[in-house]
Amino acid sequence: MSEPMVRITGLRKSFGSNEVLRGIDLSVEKGTTIAVIGPSGSGKSTLLRCVNHLDPPTAGSIEIDGEPMSLRPDAPYRRQEAQLNRMRSQVGMVFQRFNLFPHRSAIGNVMEGLLVVRRMAEPEARRIAAAMLDRVGLAAKMDAYPAQLSGGQQQRVAIARSLVMEPKVMLFDEATSALDPELVDEVLTVMRELAAEGLTMIVVTHEMGFARDVARSVVFMDQGVIVEQAAPQDIFVAPQHDRTRQFLRKVL
Ligand code: ADP
Ligand code: MG
């Protein structure tokens, strides 16, 4: 079997005395999508933030494409920073809130990482950013500012901004939860296309239809542990655990 793109082993995360992740083991095969579902407060966002090293794990390990996502605490600060930036550029993340720079155009937002992190020349960055905005259906909106865009359009800019960095894995944290209902589909459509193209993705979502259609496997989390992980046709039709059953009864 090939090396998974993401391998999470024995992951624990505490905030003070509150242990939020209590031993997570999870692998994501290359080119597949995993959906993470579970009640509010179960640790889904913290899990994604640990994968991206926005929150350093308390214990356990995370590997991306065989490479550990961990800092060497003995290394000089500048070296740690450089390592962190390099690790983060391998992991794209899209949040519920779009976090675009309000004073930059759509293409300005998408170019930012190429210019600053990759130190790419402006014409090259502009060419790549334009192609990516076209890819998410926003060719006509390149020069629009975030305030002039709908929530769905802003979220697609945020996705394009992550994708231009060519991440090995994309993390989506309730990427459609803040959107008006009529704008959800345009974002899910882009995510479906990315999955079909073979991007590796971990998707925290309330969209059970998306999970059912797109995910190779569905992870149900509760109180900081993975209660159950199974193929969508199994977990939605015949969940093995009471807690999964209770949760699904509420959301399906
Ligand atoms: P979910 O995304 O499943 O709703 P979260 O990962 O956001 O869950 O939160 C899990 C638990 O961790 C919650 O009890 C939350 O209050 C706590 N938590 C999350 N982030 C922090 C933080 N930065 N400081 C302290 N507690 C946090
Ligand atoms: Mg969350």
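Select Gly-92 and Met-170 to start: in this predicted model, Gly-92 stands opposite Met-170, a residue of strand β7. Now widen the selection to the two strands around that pair. Strand β6 covers residues 91-94, and four bridges join it to β7. The two strands run parallel.

**Across to the next strand**

Keep β7 on screen and add strand β8, residues 200-204. Five bridges join β7 to β8, and this pair runs parallel too. To find your bearings, pick Val-169 in β7: its bridge partner in β8 is Thr-200.

How do you get from β7 to β8? Select helix α6, residues 181-196: together with β7 and β8, this helix makes a right-handed β-α-β unit. Try colouring the two strands and the helix separately to follow the unit.

**Inside β7**

Go back to β7 by itself, residues 169-173. Are its residues buried or exposed? Five of the five are buried, so the strand is largely enclosed by the rest of the structure. "Buried" here means under 20% relative accessible area. Turn on the side chains and check each face in turn. On one side you'll find Val-169, Leu-171 and Asp-173, and on the other Met-170 and Phe-172. Both faces are covered, with every one of those residues buried. Met-170, where the tour began opposite Gly-92, belongs to the face shared with Phe-172.

**Over to the ligand**

Next, select ligand 1 and show what surrounds it. The residues around the ligand include Phe-15, Asn-18, Val-20 and Pro-39, along with a run from Ser-40 through Gly-41, Ser-42, Gly-43, Lys-44 and Ser-45 to Thr-46.

Zoom in on the oxygen atoms of the ligand. One is 3.2 Å from a polar backbone atom of Ser-42. For Gly-43, look at the backbone again: an N or O atom there lies 3.0 Å from a ligand oxygen. With Ser-45, switch to the side chain, where an N or O atom is 2.9 Å from an oxygen of ligand 1. Taken alone, the ligand exposes 560 Å², and the protein buries 58% of that.

Which elements give two or more residues to this shell? They are β2 (18-28) and α1 (44-51). Highlight α1 in particular, as this helix gives the most, with three residues.

**Zooming out**

Finally, select residues 6-248. UniProt, in an unreviewed entry, places the feature "domain: ABC transporter" on this span. The span is 39% helix and 25% strand, and its end C-alpha atoms lie 26 Å apart.

Definitions and conventions:
Residues are numbered from 1 along each chain as its sequence is written. Chains are lettered from A and ligands numbered from 1 in the order in which they are written. This is a predicted model: local features need pLDDT of at least 70, side-chain atom pairs count only at pLDDT 80 or more; totals for chains, interfaces and linings use all residues. Side-chain values use heavy atoms; hydrogens and water are left out. Buried means under 20% relative accessible area, exposed over 50%, partly exposed in between (1.4 Å probe, protein chains only). Two strands pair if DSSP finds at least two bridges between them. A crossover is right-handed if, with the strands pointing away from the viewer, the path from the first strand over the helix to the second runs clockwise. UniProt positions are given in the numbering used here, feature names are shortened, and annotations may be inferred rather than shown by experiment. A residue is near a molecule or strand if one of its heavy atoms lies within 4 Å of it. A polar contact is a pair of N or O atoms within 3.5 Å; within protein, one must be able to donate a hydrogen and the other to accept it, and residues adjacent in sequence count only if both atoms are side-chain atoms. Accessible areas come from the Shrake-Rupley method with a 1.4 Å probe; for residues, only the protein chains shown count as cover.
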